[in-house]
Amino acid sequence: MPQLNIVLVEPRIPQNAGNIARTCAATGARLHLVEPLGFSLDSARLRRAGLDYWEYLDVTRYPSLRDFLARTEGEPLFFFSTKARRTYSGIRYPPGAWLVFGREDAGLPEKLLAAHPDRCVRLPMRPGLRSLNLANTVAVGTYEALRQWGFPELQNQGRLREFPWPEDQAAWNLL
């Protein structure tokens, strides 16, 4: 199975990181956290947002953005930013892709974006709005990469329980 990597650079809000951790657990993506973090990994809000999925996570921490970039040199990194020209859906994500997301309040450093303009992507939005929630943006990017790969090793069909349907048409109106 191709490995998807989700990178949070200096995340500030524990609930966002918890929701993202839950997305990673549900999809099998690896979570990478670049310090400094705006919360403790022992935060109750972080744990609550991630529910009981923490045991299903593969998490790696990096002491700085510089350290992260040095360790991932040559890897297929894609930088999500409202400042990018290309849309996230116009990119082909290769196996082993790294989707990199910045701080909720500041995004990724502009110097980094300027150094990799062909690897910067954005989600389209209405003019005049700043950005989407970080957890939502990560979910959109994650599922686009997985869609392109055919959702490897993920359950692609739901299972509805069997219910006895009422014979009486009036009972249907109550549903």
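In the predicted model, Thr72 makes contacts with Leu77 and Trp98 when its neighbours within four places in sequence are left aside. Thr72 is placed in the loop that joins α3 (65-71) to β4 (77-80), and because its relative accessibility is 2%, where the limit for a buried residue is under 20%, Thr72 counts as buried.

The chain to which this loop belongs contains 6 helices and 7 strands, and these elements follow one another, starting at the N terminus, in the order β-α-β-α-β-α-β-β-β-α-β-α-α. Of the 175 residues in the protein chain, 39% are buried. Among contacts in the chain with a separation of 6 or more, 75% are made by residues that stand 24 or more positions apart in sequence. The surface that the protein chain exposes amounts to about 10,800 Å², of which carbon and sulfur atoms supply 50%.

Turning to the pockets, the largest pocket holds about 490 Å³ of space, and its lining is formed by 25 residues, with Thr82, Arg103, Glu104, Ser131 and Leu132 lying nearest the centre. Two elements, strand β7 (120-122) and helix α5 (134-148), give two or more residues each to this lining. When the lining residues of the largest pocket are divided by class, 11 are nonpolar, 8 are polar and 6 are charged.

For the second largest pocket, the computed volume is about 150 Å³. The residues that line this pocket are Ser81, Lys83, Ala84, Arg85, Arg86, Glu110, Leu113, Ala114, Pro117 and Cys120, and the element that gives the most to the lining is helix α4 (residues 110-115), from which 3 residues are drawn. By class, the lining of the second largest pocket comprises 5 nonpolar residues, 1 polar residue and 4 charged residues. Lys83, Arg85, Arg86 and Glu110 belong to the charged class, whereas Ala84, Leu113, Ala114, Pro117 and Cys120 are counted as nonpolar; the polar class is represented by Ser81.

Key. Residues numbered from 1 in each chain as written. Predicted model: local features only at pLDDT ≥ 70, side-chain atom pairs only at ≥ 80, totals over all residues. Heavy atoms only, no water. 1 Å grid on protein atoms, 1.4 Å probe; cavity = no way out; pocket = protein on both sides within 12 Å on 5 of 7 lines; lining within 4 Å. Points joined across faces, edges and corners; volume = space filled by probe spheres on them. Helix = DSSP H or I, 4+ residues; strand = E, 2+ residues; numbered from the N terminus. Buried < 20%, exposed > 50% of the residue type's maximum accessible area, 1.4 Å probe, protein only. Contact = heavy atoms within 4.5 Å. Areas by Shrake-Rupley, 256 points an atom, 1.4 Å probe, with all protein chains shown as cover.
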